[in-house]
Every structure is written in C-alpha cells, then in structure tokens.
Amino acid sequence: MKLKYLTIFTVLFIHILGCKGLPEYLFLPQSMKLDLTPFLFRVYSPGELATLSNSDYNANESGLITSSKFSRFLSNWSNNRPVGVSGNLVVFQVQTSGVTSGRYVFVDGKQSFAYPIANLPDLLTDTRDDGVLSIDGVVPKGKKISDFFAIYGIDPAIDYVVFAQDTSSLTNLSSATFAYYSLLYWGFPKERLAILNGSIADLTVAGSIFTTPSYTYVNSNRAGSIKTLYRDHTVLQLTIGDLIHAVKNGNTNLEEVDPIPAEGFFLIDGRPNASYTGTTNSTAAGSKYANCTAKTNSTFVTNTCVVTYEGRVKSATNLIPTDLYDGTTFQFKSFAQLQTYLNNTGYPTNKQIYVYGEDANKGSLVWFVLHQILGNPTRLYEGGWKQFGALGLRTPPSGTSPSAITQPASYWRTDIVTLSESNTTNADNNVPNYQLDISRQYSKTANKLRTEDKAFLRGTSTGGSSGGSGGAPSGGGGNACGG
C-alpha cells in the first residue's frame, strides 16, 4: 500500500515539475486518470479561515478593502493585483432596493469585470432542510454555487471577487457579507475574497473611485469548479445540533455533532438589544401576519409570521450590530472600535466564537466583523433565531393548530431553561402551523446540510453540478499547470 501511495505522488510530482510555475493550490491534472481526492482534500478549521485585518484598512489586500486599494485594482489589475493572484478581478455591485445608483465601476472586460446585481439572495441562498426544520436564506447547494460561477464566468481557482454595495444600506451590506460567507463556505480562498468598505454611490461622490454612467455586460466566458479546489470549509456552519450540544455542555444524545472545542466556546447574539432581551418580535410584525394560524407548512420562510417565542440562547452575550458600522455610509467602524465592542462582551481571547443573528443574512454581518476583520475563529449558526425561536412548545387555544414542537421531550424543543433565557411567548395568531412530525421531533441529527455539501465537494452526491454554460475551465480550474 505504501508503494502505491509513493508511486502516485511521484508521478504527480514529476508532472508538476514540468510546469513553468506552481499554481496557488495543487490540483489533480486532467491528463491523469487518478483519483487523488483522499490525499489532496483538506478540511480547514475556523481559525485557519479567519482573516486578521490590518489596523489600517487601506493596507488590506483582501477581506475588508478600502476605496484606495479598490481604485488601484481597477486602474491596472494586471500590475496591481495582490501577490499570488493570477486570475481576473470580478466585482459585484449589490443593489437590493431596485433603485440603482446609476454609476458603474470602470473595467476593461478582459481581465476585470463588473456586474450590477439586484437578485443576489436568489443566486446565493437556498431554502434547505437540515433534518429538523427547513428555513430560507441559508447557504446554497453546491449546484447553485456552481451555476453562479458559470453565469458570471468565475474560476474559483484563480479569480479575485469583490462584493460592493451599490448604494449605502444595511440590506445591501448584509447581502454582501452573506455572499462573501457563501463563497468562503464553498471553498473559495479568503485571500481572493473582499468586501468594499463603503458604497459605489458614496465613494463616487467623494471622488474616491472612478465610475461611469453607462454599463455594458461583458462575460469572461469561462468558469471553474469548486470541486477541484479540494478545500472543505463547511466547518464555518454551526448546526442547531452543534449549538444545543455545546450549550448543554455535551450532555445530549444527539448524533453527528461537533465536539465542544478544547479551548471552549463563546456564544454571541448578534441582534439588536430589544431582540436579545425578548422585548420585541425579532422576526416579523404588523397586520399582514394576522392570519398565520392558517399557514400549514414545515418550512419557516421569510415574512411567514413570527417565531413561537422571543428571547435568546442561554449564555449568549450581546454584540449589537448597529454599533459595528456607520448608520449613514454603512462603512465598518475602525479596527480599534470594533475590537473594543468585542472586548466589552467579555470575550476571552482564543475561544471559538459561535454567533447567530435573526437569520443567516443578518448574522453574517456580525460574523464578518468577528471572523474576517478581527480574525477570531468564528462559526455562524445560519438558522439563527428564526429557527431556534420557532422550536418552542406552544399550547394554542382550542380549535387552533399545534406548534412545530408538540412533544415536551422532543430533542429539538428550545424554550426550556437549559437552552434559552428571557422567553416571551408570541401571540397564537401570529405563529404559523408548521408542525413537525414525530420522527423529526426525535431525530438525533441536524447535520443534513453539511453532509450533503461534503458529498457534493467530493463528487459523491447525485445533485450534479453546473451545466458549464460559461465555457471550459481555464487558468487552473483542474490543471496543475494552470492551463
């Protein structure tokens, strides 16, 4: 067996020596009909995927970048791109309001490309079932991320991607941070991912970047595959099973849960304080939710009523999201200010951080600050309070529908003193009927998403990948020589 392994790596080494230069990552040569996946695949830890920003954001080459660095990239990408990057610059101007700024970054359409994008959540989120409760707005399936690369001609092996707000808004900013999270989750290297600090509109007015009032769509007509990166970043996602197991100090009978980190964990609630204290509806409000008891689905989607109860996960401390950015420009505050806000939570250095928000999108903004600016090992509970707060046992009035959890001893009941605090029950007519069957209430795992995604990365899933409409991979999509 040892001789077999030695032979495989010897052949691969000889093949690579024939290249003019080593690629950023080691890929299986297309010309070799050998399955080296078990040897080349690497599973990353939260710490390895973290990015510690320079205290001067202007010095950052990735992660959070400023207009000065961005302008330098745009002016001459070929000469100014970061060390180790050999592919294209791809910029997404994120606009969720439907009213664009009317300004577009200037690109050459040869090595730099830009796309105004109004439907980013449609492209980079999914409604998915983790084995307990389906929710919308979570990280997309592998095929969807592959389709995204194909649509916009992105080769994840070599290209550099920037997400930028078109106009300044919280929705645009959180959409950008979740898009960043989604690509990182699916193996895109952090060294080639960035978020622009500030919006295209504001930075244009300030004279910090050069833009034009017209836009012409140009595509690179190529795309690569995340499967040939041989990187597993799925540890970024914290399942509800992982969370419950940790909060209960490992005293559960749940299966497929990650062990509590040896260094311990620190739980952060990244919602406004009123949500943290359970004094407001964190997920929905208003007259349009008056007929919630008529809803009968097992998928808790956006704008579908409110959760069963309000409150917070037990032992969580609050990091208020509005403290982290300027409320007008929606630029992140200084490194020193962000570090102070984290210090004020009582965070003990080096512990792994578990963070959640109202949902995955809003939680990703706080995750980005903790993980990609302050450089702390951080995992995002994508289900957020939308999922956690939905799994309470509710006793509705006679004649109305039962809640999702109907069994007091269900493994996934969360409105108990060992799992939540400051609980306030929501009115019955605001809570939908998304009752879980008995098998789900006593299922021992909530790891379905990560299992599916690991299988997709390793090529063992049946879901398939993108149709490859963007053309054949180039520049390292699967060739160790980058050709």
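In this predicted model, strand β3, which covers residues 89–94, is joined to β5 by six bridges, and the two strands run parallel. Within this pairing, valine 90 has phenylalanine 113 of β5 standing opposite. The two strands belong to an open sheet of five strands, arranged in the order β2-β9-β8-β3-β5 with parallel pairing. The edges of this sheet are taken by β2 (63–65) and β5 (112–117), and because each of these has a single partner strand, one side of each is left without a neighbour in the sheet. From one strand to the next, the twist averages 25 degrees.

A further open sheet is built from four strands, whose order is β15-β12-β16-β17 and whose pairing is likewise described as parallel. Here the edge positions belong to β15 (317–318) and β17 (378–380); each is paired with a single partner strand, and therefore one side of each is left without a neighbour in the sheet. Within this sheet, strand β12 (residues 265–269) and strand β16 (residues 352–356) run parallel and are joined by five bridges. One residue of this pairing that can be followed in the structure is isoleucine 268, whose bridge partner in β16 is valine 355. Helix α13, formed by residues 360–373, lies across β12, β16 and β17, and its direction makes an angle of about 175 degrees with that of β17.

Turning from the sheets to the loops, two residues may be considered for their backbone angles. Tyrosine 230 has a phi near 55 degrees, which is a positive value in a residue other than glycine. This tyrosine 230 is found in the loop that connects β10 (211–212) with β11 (231–232). The relative accessible area of tyrosine 230 is 8%, and because a residue counts as buried when this value is under 20%, tyrosine 230 is classed as buried.

Serine 315 likewise has a positive phi, near 80 degrees, and is a residue other than glycine. The position of serine 315 is in the loop between β14 (309–313) and β15, the latter being one of the edge strands of the four-stranded sheet. With a relative accessible area of 48%, serine 315 falls between the limits of 20% and 50%, and it is therefore classed as partly exposed. Thus, of these two loop residues, tyrosine 230 is buried, whereas serine 315 is partly exposed.

Key. Residues are numbered from 1 along each chain as its sequence is written. This is a predicted model: local features need pLDDT of at least 70, side-chain atom pairs count only at pLDDT 80 or more; totals for chains, interfaces and linings use all residues. Side-chain values use heavy atoms; hydrogens and water are left out. Two strands pair if DSSP finds at least two bridges between them. Axes are lines fitted to C-alpha atoms, for helices over the stretch in contact, and angles run from 0 to 180 degrees between N-to-C directions. Contact means heavy atoms within 4.5 Å. Buried means under 20% relative accessible area, exposed over 50%, partly exposed in between (1.4 Å probe, protein chains only).
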